[in-house]
Amino acid sequence: MKGPDIDGYPYSWNELQLTVTQRAVSGIGISLRPGSTAELPPLVLPDSESSEATVVREEPVTALDSAGCHHEANPVLAFGEQSSILTQPTEVCAVFSLPGRDHHVPHRDRHYLDVMHKHTA
């Protein structure tokens, strides 16, 4: 890893953020902007391709249900125009919100994925 050898040092490449603790990745976060595309940096995933970053809330919920992955509403991050789910037992958190005025999406009244994160330490 590059950068200082200190716990909590953040590494960030566009939409991807990694948190490092004791020289190991202890947290990962993916931030998406509805209506945009996302691509992982070559340092993280060589030969990655751009992907559509517009994900409506129903898509990951349906995928989790189909896979038999238990999830529940996350009341800590559900307020205003925002909702959140937390998978169990892995505790991956997904946060959804209504699109901002600069987001180019087909349905302005639907919740879109903003951030997914997981911390292990």
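## A guided reading of the predicted chain

Strands β7 and β8 form a hairpin with 5 residues between them, and in its turn Glu91 has a positive phi of about 55°. This hairpin is a convenient point of entry into the model, which is predicted. The loop between β7 and β8 holds Glu91 and also Pro89. Two features of the backbone deserve attention here. The peptide bond from Gln88 to Pro89 is cis, with omega near 5°, and Glu91 has its positive phi although it is not a glycine. As background, most residues other than glycine have a negative phi, and most peptide bonds are trans. With a relative accessible area of 45%, Glu91 is partly exposed.

The two strands of the hairpin pair in the antiparallel sense, and 5 bridges connect β7 with β8. One of the partnerships is that of Ser84 with Val95 in β8. On its other pairing, β7 is joined by 3 bridges to strand β6 (residues 71-73), and these two strands also run antiparallel. In that pairing Glu72 stands opposite Leu86 in β7. How enclosed is strand β7 by the rest of the structure? Of the 6 residues of β7 (residues 82-87), 5 are buried, so the strand is largely enclosed.

Ser84 shows this setting at the level of a single residue. Ser84 lies in β7 and is buried, with a relative accessible area of 2%. The side chain of Ser84 reaches the backbone oxygen of Ala94 at 3.0 Å. Leaving aside neighbours within four places in sequence, the contacts of Ser84 include Glu72, Ala73 and Asn74, together with Cys93, Ala94 and Val95. Arg57, Leu77 and Ala78 are also among the residues in contact with Ser84.

A second serine, Ser97, belongs to strand β8. Ser97 is buried as well, at a relative accessible area of 14%. What does the side chain of Ser97 make a polar contact with? The partner is the side chain of Asp114, at 2.2 Å. Not counting residues up to four places away in sequence, Ser97 touches Glu81, Gln82, Arg110, His111, Tyr112 and Asp114.

The discussion now turns to the nonpolar interior. In soluble globular proteins, nonpolar side chains tend to be buried together. In this model the largest nonpolar core has 9 residues: Leu32, Ala38, Val55, Val61, Leu64, Ile85, Ala94, Phe96 and Leu113. Helix α1 (58-67) and strand β8 (93-97) each supply at least two residues of this core. One core member, Leu64, is in contact with Cys69, His71, Ile85 and Thr87, when its neighbours within four places in sequence are left aside. Another core member, Phe96, has the charged end of Arg57 over its ring, 5.6 Å from the ring centre. The structure holds 0 aromatic pairs.

Glu58 is also placed in helix α1. Is Glu58 buried or partly exposed? At 42% relative accessibility, Glu58 counts as partly exposed. Between Glu58 and Tyr112 the C-alpha to C-alpha distance is 8.9 Å, although the two are 54 residues apart in sequence.

A further hairpin is formed by β2 and β3, with 2 residues between the strands, and Gln22 in its turn has a positive phi of about 50°. Strand β2 (residues 16-21) and strand β3 (residues 24-31) run antiparallel and are joined by 6 bridges. Within this pairing, Leu18 stands opposite Ile28 in β3. Strand β3 also pairs with β9 (residues 112-119), in the antiparallel sense and over 5 bridges. There, the bridge partner of Gly29 in β9 is His117.

These elements may finally be placed in the chain as a whole. The chain contains 1 helix and 9 strands, and along the sequence they follow the pattern β-β-β-β-β-α-β-β-β-β. Of its 121 residues, 31% count as buried. Among contacts between residues at least 6 apart in sequence, 31% join residues at least 24 apart.

Technical notes:
Residues numbered from 1 in each chain as written. Predicted model: local features only at pLDDT ≥ 70, side-chain atom pairs only at ≥ 80, totals over all residues. Heavy atoms only, no water. Core = buried A, V, L, I, M, F, W, Y, C linked by side-chain atoms within 4.5 Å. Buried < 20%, exposed > 50% of the residue type's maximum accessible area, 1.4 Å probe, protein only. Helix = DSSP H or I, 4+ residues; strand = E, 2+ residues; numbered from the N terminus. Contact = heavy atoms within 4.5 Å. Phe/Tyr/Trp six-rings, centres within 6.5 Å; stacked < 30°, edge-to-face > 60°. Lys NZ or Arg CZ within 6 Å of the ring centre and 35° of its normal. Pairing = 2+ DSSP bridges. Polar contact = N/O pair within 3.5 Å; in protein donor to acceptor, adjacent residues only side chain to side chain.
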